[in-house]
Amino acid sequence: MRIDSKVRQGLLVGLCVTLRTVMVLVGLALLLWGAQWAAMASGLSVVRPNMAADSGMVTRIMKGAGTFTFVWWRSTLEAALGFALIPKWRAKGRYDVAAVAVAVVSAVCVAFLILLMAGAGTYGTCTYPTCWPAPWDGIILAAPYFAGLVTLTVMACFADRIPLWVRCLSPTAVYLVGTVLLVLVWDRWLLPFFAGPPPW
């Protein structure tokens, strides 16, 4: 009788560890997808850094795939789901080391992709020195993603004091609200700023 309960308990622990590992890996994959989505302008229009400044704003802007469409919502929600899958269920210590590690890996990946995308569009002669607006527009486009990662990291540093639902929903909400706000202000205020000359 005792052997059966120990075997069941061992199987249950093994199942929980396997499920947690799968959730972290799926969350990491979704966050890496979100890193790519953030670095690729999330469906928004961007400025071509190698077009002549006097060619007009319409010529300098490369139209995005669109926002608030089915594909945009699907991609944004997939990335947001990654934030919710990472936090540990029951933190035994103060820190959730796996969540911090995933956040650091994701931040490094999105920074690398932003720099890669900044260099990818600069073939030919740049209009302004340092190929303005690259990489600054990419950093602003990824700001909601970075804010979600910072929130995930802060929540992971106090894992034993913050309930699981708060640790799951806070980074997700920060990312989603930030992304929607960015989309709402991008075309009206930020895109014309980046299409103009550099501020320095």
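**Residue T76 and the largest cavity**

T76 is found in helix α3, which spans residues 70–85. The model is predicted, and the mean pLDDT of the chain is 87, with 92% of residues reaching 70 or more. Confidence varies along the chain: the lowest mean, 66, belongs to helix α2 (residues 57–60), whereas helix α6 (residues 143–157) has the highest, at 96.

The relative accessibility of T76 is 1%. Because buried residues are those under 20% relative accessible area, T76 counts as buried. A polar atom of the T76 side chain lies 2.8 Å from the backbone oxygen of W72. When residues up to four places away in sequence are not counted, T76 touches W37, Y175, L176 and T179. Two of these residues, Y175 and T179, recur in the lining of the largest cavity.

The structure holds 1 cavity of 30 Å³ or more. The space in the largest cavity amounts to about 50 Å³. Its lining consists of A38, S42, L44, L141, P144, Y145, Y175, T179, L182 and V183. Helices α6 and α7 (164–195) each supply at least two residues of this lining, and α7 gives the most, with 4 residues. By class, 8 of the lining residues are nonpolar and 2 are polar. No charged residues are found in the lining of the largest cavity.

Notes: Residues are numbered from 1 along each chain as its sequence is written. This is a predicted model: local features need pLDDT of at least 70, side-chain atom pairs count only at pLDDT 80 or more; totals for chains, interfaces and linings use all residues. Side-chain values use heavy atoms; hydrogens and water are left out. pLDDT is the predictor's confidence in each residue, from 0 to 100. On a 1 Å grid over the protein atoms alone, a cavity is a set of points where a 1.4 Å probe fits but cannot get out, and a pocket is an open set with protein on both sides within 12 Å along at least five of seven lines; lining residues have an atom within 4 Å of a point. Grid points are joined across faces, edges and corners, and a volume is the space filled by probe spheres set on the points. Ala, Val, Leu, Ile, Met, Phe, Trp, Tyr, Cys and Pro count as nonpolar, Asp, Glu, Lys and Arg as charged, and the others, Gly among them, as polar. Buried means under 20% relative accessible area, exposed over 50%, partly exposed in between (1.4 Å probe, protein chains only). A polar contact is a pair of N or O atoms within 3.5 Å; within protein, one must be able to donate a hydrogen and the other to accept it, and residues adjacent in sequence count only if both atoms are side-chain atoms. Contact means heavy atoms within 4.5 Å.
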